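Morning, everyone. Please bring the structure up on your screens. I will talk about empty space first, then charges.

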Amino acid sequence: MYTRIVVVAVVMVIMAQLTAGAQQASVFSFMRYGLSARHAALGGATNALTNDPTTVVLNPATLTTVEGSRVSATVLKHVLDINSGLAVYSTELESGATVAATAVFSSYGSFDRADELGTRFGTFGANDVAFGVSYANEIDTMFSYGATAKFLYSGVADMASTAVAIDAGLLVRFPATRTNIAISASNLGVQLSTFDGTSDRLPVDVRIGLNHRLRGLPLLVNVSLKHLADDVPTLADRLLNFSVGGELYLGKAVQLRLGYDHASRNTTGVPVATQLTGLSGGIGINVKTIGIDYALSTFGSAAILHRLSVGLRLPSSND
């Protein structure tokens, strides 16, 4: 068992080093905000979160823990006229593998079109869309792996940029200690077309995550290091991109969530010493085959984001 853990740790280091030149700014940065309400409420510290189909956008290996067929939809009310969404469908195959389809979108509203003199003549819009197909399977009862192939599109007025990318992930489960460890890399790919001939890096993201269910207390603790591929001056700066989240179970139907994303607080451009930037919270309600989640995330006093997710467990032929 310990040999396998060492192998996974080595893979983590190699993946981080191979993508160390990635930058934070990208035409396709909208991919970093395709989180469900549950994940957002937990500060995004969730690439080791199991039995949740929406975790596929952070770590496709977690699909092996999702039972049956599930569908989930999320809407995000961003600042101003910006709106985003996430849709996920997952199902188990007879072979034991699990597959999923995902869609992420962002709409930035309508803008006035004007010439160099300021004369207005119509409007234009801006939209981002990404589609993905995922596959995951178990190596054994402890190790799972997964991968996602994606197509990315970003459009402004009559210009567009496209790209193809893959996500990859590993999940290690320790049922006896109620602990999961994960490593994932997202948005590894190439740009196919550009806005003006200038190539742009994809928002590569390498994450290491852990969650643990406390003994004697109905609390699931999640911890994550993310943005490990970002171009930062020192290792200490890289380690500041952490997030933590806790999920408290009130019976079987209700969960209360609280999270903190230091990466958001660390990169925001406004003074945050007295602000609540990076904090998030939410609630989840699960009744039979339906789950409803709400999350509120803060990015300074002027930016409060609201997410609402609805998930359904679809009936199977055995029901």
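One definition before we start: lining residues are those with an atom within 4 Å of a cavity point. With that in hand, remember that this is a predicted model.

So, cavities. The search over the whole structure turns up two of 30 Å³ or more. The largest holds about 220 Å³ of space. Its lining has 21 residues, and the closest to the centre are Met31, Val57, Leu58, Lys150 and Asp167. Which elements give two or more residues to that lining? They are β3 (98–114), β4 (120–138), β5 (143–156), β7 (179–193) and β8 (205–213). β4 gives the most, four residues. By character, the lining splits into nine nonpolar, seven polar and five charged residues.

Next, the second largest cavity. Its volume is about 70 Å³. Here 13 residues form the lining, with Tyr33, Gly34, Leu76, Ser84 and Gly85 nearest the centre. The elements giving two or more residues are β1 (69–77), β2 (83–92) and β3. Seven of the lining residues are nonpolar, five polar and one charged.

Now the chain as a whole. It has four helices and 14 strands. Of its 319 residues, 46% count as buried. Take contacts between residues at least 6 apart in sequence: 52% of them join residues at least 24 apart. The exposed area is about 15,600 Å², and carbon and sulfur atoms supply 64% of it.

On to charges. The count is eight salt bridges. I will show three.

Start with Asp52 and Arg38, 3.2 Å from N to O. Asp52 sits in the loop between α2 (37–41) and β1, while Arg38 is in helix α2, 14 residues away. Buried or exposed, Asp52 and Arg38? Both are buried.

Then Asp261 and Lys226, with their closest N and O atoms 2.9 Å apart. Asp261 is in strand β11 (residues 254–261) and Lys226 in the loop between β9 (219–225) and α3 (235–239), so this bridge ties together parts 35 residues apart in sequence. Both Asp261 and Lys226 are buried.

Last, Arg257 and Glu247, at 2.5 Å from N to O. Arg257 is in strand β11 and Glu247 in strand β10 (residues 242–250), 10 residues apart. Arg257 is buried because its relative accessible area is 6%, under the 20% cut-off. Glu247 is at 0%, so Glu247 counts as buried too.

Now connect them. Salt bridges with shared partners join Arg38, Asp52, Glu247, Arg257 and Asp293 into one network. Questions, please.

Notes. Residues are numbered from 1 along each chain as its sequence is written. This is a predicted model: local features need pLDDT of at least 70, side-chain atom pairs count only at pLDDT 80 or more; totals for chains, interfaces and linings use all residues. Side-chain values use heavy atoms; hydrogens and water are left out. On a 1 Å grid over the protein atoms alone, a cavity is a set of points where a 1.4 Å probe fits but cannot get out, and a pocket is an open set with protein on both sides within 12 Å along at least five of seven lines; lining residues have an atom within 4 Å of a point. Grid points are joined across faces, edges and corners, and a volume is the space filled by probe spheres set on the points. Ala, Val, Leu, Ile, Met, Phe, Trp, Tyr, Cys and Pro count as nonpolar, Asp, Glu, Lys and Arg as charged, and the others, Gly among them, as polar. Buried means under 20% relative accessible area, exposed over 50%, partly exposed in between (1.4 Å probe, protein chains only). Contact means heavy atoms within 4.5 Å. Accessible areas come from the Shrake-Rupley method with a 1.4 Å probe; for residues, only the protein chains shown count as cover. A salt bridge is a side-chain nitrogen of Lys or Arg within 4 Å of a carboxyl oxygen of Asp or Glu.
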